[in-house]
Amino acid sequence: MTILYGIHNCDTVKKAKSWLEKNNINYKFHDLRKDGLNDSLLDSIVAKSSWDLLINKRSTTFRSLSDEVKNNLTADIAKQTVLEQPTLLKRPLLEINAQLHLGFKPAQYEEIFSHD
């Protein structure tokens, strides 16, 4: 199953959804705000990537964090902070064939789905 994780009003997520639909790819959309983000889902996402790649350090949410949190982003602090503020995750996150792909670029999706 193909799952797209993101936030419905994110422009990049909208582009990814549009690309998937235009290419007739069945997927499930999981809105990190509306559908939620819990311990087990976050653990499975982190297991397929790393905090360094998953945290969107250019986001408004990240920039609004206290310096204490930003400068001490251990795995435990990152997990707790992301559970409280899912918009810290880069988006979209595409899970397919037990692999996680971050972000969206048409060429990237073409490559991913040419092997599917």
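These are my notes on two helix pairs and two single residues in this structure, which is a predicted model.

**Entry 1: helix 1 and helix 7**

I started with helix 1, residues 11-22, and helix 7, residues 106-114. Their axes come within 11 Å, and I get a crossing of roughly 45°. That angle falls outside the under 35 degrees that counts as roughly parallel and the 65 to 115 that counts as roughly perpendicular, so I put helix 1 and helix 7 down as oblique to each other. The crossing of this pair is right-handed. I then looked up who does the touching: helix 1 brings Ala16, Trp19 and Leu20, while helix 7 brings Pro106, Tyr109, Glu110 and Phe113. Sorted by type, the contact has 6 nonpolar residues, no polar ones and 1 charged.

**Entry 2: helix 2 and helix 6**

Next I went to helix 2 and helix 6, the latter being residues 75-84. Here the axes come within 11 Å and cross at roughly 125°. Helix 2 and helix 6 are therefore oblique to each other as well, since 125° sits outside the 65 to 115 window for roughly perpendicular and is not over 145, the cut-off for roughly antiparallel. Helix 2 makes a right-handed crossing with helix 6. On the helix 2 side I noted Asp39, Leu42 and Asp43; they meet Lys79, Val82 and Leu83 of helix 6. The tally for this contact is 3 nonpolar, no polar and 3 charged.

**Entry 3: Lys48**

Where does Lys48 lie? I found Lys48 in the loop between helix 2 (39-47) and helix 3 (51-54). Buried or exposed? Lys48 has a relative accessible area of 31%, and because buried needs under 20% and exposed over 50%, I call Lys48 partly exposed. Leaving out residues up to four places away in sequence, Lys48 touches Glu95, Ala98 and Leu100. I also checked Lys48 against Thr61, which is 13 residues apart from it along the chain; the C-alpha atoms of the two are separated by 23 Å.

**Entry 4: His101**

Last, I looked up His101, which belongs to strand 4, residues 99-102. Its relative accessibility comes out at 17%, and with the cut-off for buried at under 20%, His101 counts as buried. Which residues is His101 in contact with, beyond its neighbours within four places in sequence? I wrote down Pro92, Leu93, Leu94 and Ile96, then Gln108 and Ile112.

Key. Residues numbered from 1 in each chain as written. Predicted model: local features only at pLDDT ≥ 70, side-chain atom pairs only at ≥ 80, totals over all residues. Heavy atoms only, no water. Axes fitted to C-alpha atoms, helices over the stretch in contact; angles between N-to-C directions. Helix = DSSP H or I, 4+ residues; strand = E, 2+ residues; numbered from the N terminus. Left-handed = near helix turned anticlockwise from the far one by under 90°. Contact = heavy atoms within 4.5 Å. Nonpolar A, V, L, I, M, F, W, Y, C, P; charged D, E, K, R; others polar. Buried < 20%, exposed > 50% of the residue type's maximum accessible area, 1.4 Å probe, protein only.
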